[in-house]
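Trainee: I should like to understand how the terms used for a protein model are justified. May we go through them one at a time?

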Amino acid sequence: MSGDPVVRIAARGDGVTASGKHVAFGVPGDVLLDDGALAPGPHHQDPPCRHFPECGGCQLQHVDDEAYRGYLTSRIAGALAQHDLETEIRAPHLSPPNSRRRASLRALKVGQGAVIGFNAAKSHRIVDMRENFILRPELLALVDPLRRLLGRILLPKRTAELQLALIDQGVDVMMKGVSADGLSSIEALTSFAADNRLARLSIDQGLGPEAIYQPEAATITLSGVRTAFPTGAFLQATEDGEAALVAAVRDAVAGETVIADLFAGLGTFALAVRASYAAEAGRDAAAALKASAPNVLVEHRDLYRRPLDAGELGRFGAVILDPPRAGAEEQVRALAASSARRIAYVSCNPATFARDAKVLTDGGYNLHWVVPVGQFRWSTHVELAAAFAR
């Protein structure tokens, strides 16, 4: 077939041809014909969801698993290449459909009802979600009841944000933009929570979340340890994705017994490897980890404002890093000057990871491998875990 073949998928999800043209919904193996039409190839699949591509929750439902794995790998390889780095990139892990255990949805009062869903692509308009192929069934089952509830209590043309997380006791729901003033609103909210057997229902009216329904303490089990789950706390998007990251971190720090976990959160990795020390900027998360892991020295510490210095880091044989999207440039500079033998770096941004990896390799570390983890199936969001050693 004559034409311009699509050879890769760019960072934002469009296809790129051999001649460098960007093609919406192009997949490697597709061909851009001379008349501008796109001839689908063997890796171009029918999107499962009726809302694709209108909904902005997914960008790559037209890509089969083989091509999606290739996309994850190429994103990481491309980011490393910009810093003249290369390494073994292991086979990516993909979370299956309907495995996402946390989500942020938006709602809007419309007439006598409400619409709930993700924003439309490149828009603030909400796509009213009638089906979904990424959320856990427990979360998806709440959408219609939430739609009915918010149709009653939301003010006209007002929007709300809904944060849902599946924890040990069930679904934890936190609402922003919803008024809990007045007896009727409180009764409607608590009845909804009880009828749907929520783990907890919290309302944030501008002064922070306040639980209005919580039959028992909210917890999440991490590596077999039941840990308090503060409202809005970070949780890996899927259970299997968490397990893949934990396995990679264990591999990266294998053989070391004195381990530090930086940007520790609730202790996803600290608990898995029995770390000696953990640092976390979130006060509630640090307190939860301290209570669940009495043998770990937990410090409430902002590593952007006060990173551990090389001397402090020298106490540890291995260091785990799991920073936000911005990466950990200042902390990594101190780490590059330290005597720690092994580093496990978990990242949700290949670009900042590659920048930090360059600092570590310039400081004498070898980047041994990277494993991509596709927790956000069909999205352009790429996560990874990497191993460095001296």
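The conversation below sets computed values against the definitions of the terms.

Mentor: This is a predicted model, in which local features need pLDDT of at least 70 and side-chain atom pairs count only at pLDDT 80 or more, while totals for chains, interfaces and linings use all residues. Residues are numbered from 1 along each chain as its sequence is written, and side-chain values use heavy atoms, with hydrogens and water left out.

Trainee: Why is cysteine 55 called buried?

Mentor: Buried means under 20% relative accessible area, exposed over 50%, and partly exposed in between, with a 1.4 Å probe and protein chains only. Cysteine 55 has 14% relative accessibility, so it counts as buried. Cysteine 58 is at 12% and therefore also counts as buried.

Trainee: How do you know that cysteine 55 is in no disulfide?

Mentor: A disulfide is a covalent bond between the sulfur atoms of two cysteines. Here it is recognised as a pair of cysteine sulfur atoms within 2.5 Å. A search of the whole structure finds zero disulfides. For cysteine 55, the nearest cysteine sulfur is that of cysteine 58, 6.5 Å away. Because this distance does not meet the cut-off of 2.5 Å, cysteine 55 is in no disulfide.

Trainee: What makes lysine 122 exposed, and asparagine 98 partly exposed?

Mentor: Lysine 122 has 91% relative accessibility, so it counts as exposed. Asparagine 98 has 27%, so it counts as partly exposed.

Trainee: What is notable about phi in asparagine 98 and lysine 122?

Mentor: Most residues other than glycine have a negative phi, and most peptide bonds are trans. Asparagine 98 has a positive phi, near 55°, and the phi of lysine 122 is near 55° as well. Asparagine 98 lies in the loop between strand E7 (93-94) and strand E8 (102-110); helices (H or I, at least four residues) and strands (E, at least two) are DSSP runs, numbered from the N terminus. A cis peptide bond, with omega about 5°, joins phenylalanine 52 and proline 53.

Trainee: How do you know that aspartate 322 has no salt bridge?

Mentor: A salt bridge is a side-chain nitrogen of Lys or Arg within 4 Å of a carboxyl oxygen of Asp or Glu. Lys and Arg count as positive and Asp and Glu as negative, while His and the chain ends are not counted. The nearest side chain of opposite charge, arginine 102, is 9.3 Å away from aspartate 322. Because that distance does not meet the cut-off of 4 Å, the buried aspartate 322 has no salt bridge.

Trainee: Which residues are in contact with aspartate 322?

Mentor: Contact means heavy atoms within 4.5 Å. Leaving aside neighbours within four places in sequence, aspartate 322 is in contact with Gln236, Leu262, Phe263, Phe269 and Val346.

Trainee: What makes a set of residues a nonpolar core?

Mentor: The members are buried Ala, Val, Leu, Ile, Met, Phe, Trp, Tyr and Cys residues joined through side-chain atoms within 4.5 Å. The largest such core has 44 residues, and Leu262 and Val319 are among those with the most contacts inside it. Helix H1 (residues 65-81) supplies the largest share of this core, seven residues. A second, separate core has 42 residues, including Leu289.

Trainee: How do you know that the buried residues of H7 line one face?

Mentor: The buried residues of helix H7 (residues 283-292) are Ala285, Ala286, Ala288, Leu289 and Ser292. Seen down the axis, they fall within an arc of 160°, taken from the directions from the helix axis to the C-beta atoms, so they line one face of H7. The face turned away from the buried side carries the exposed residues Arg283, Asp284 and Ala291.
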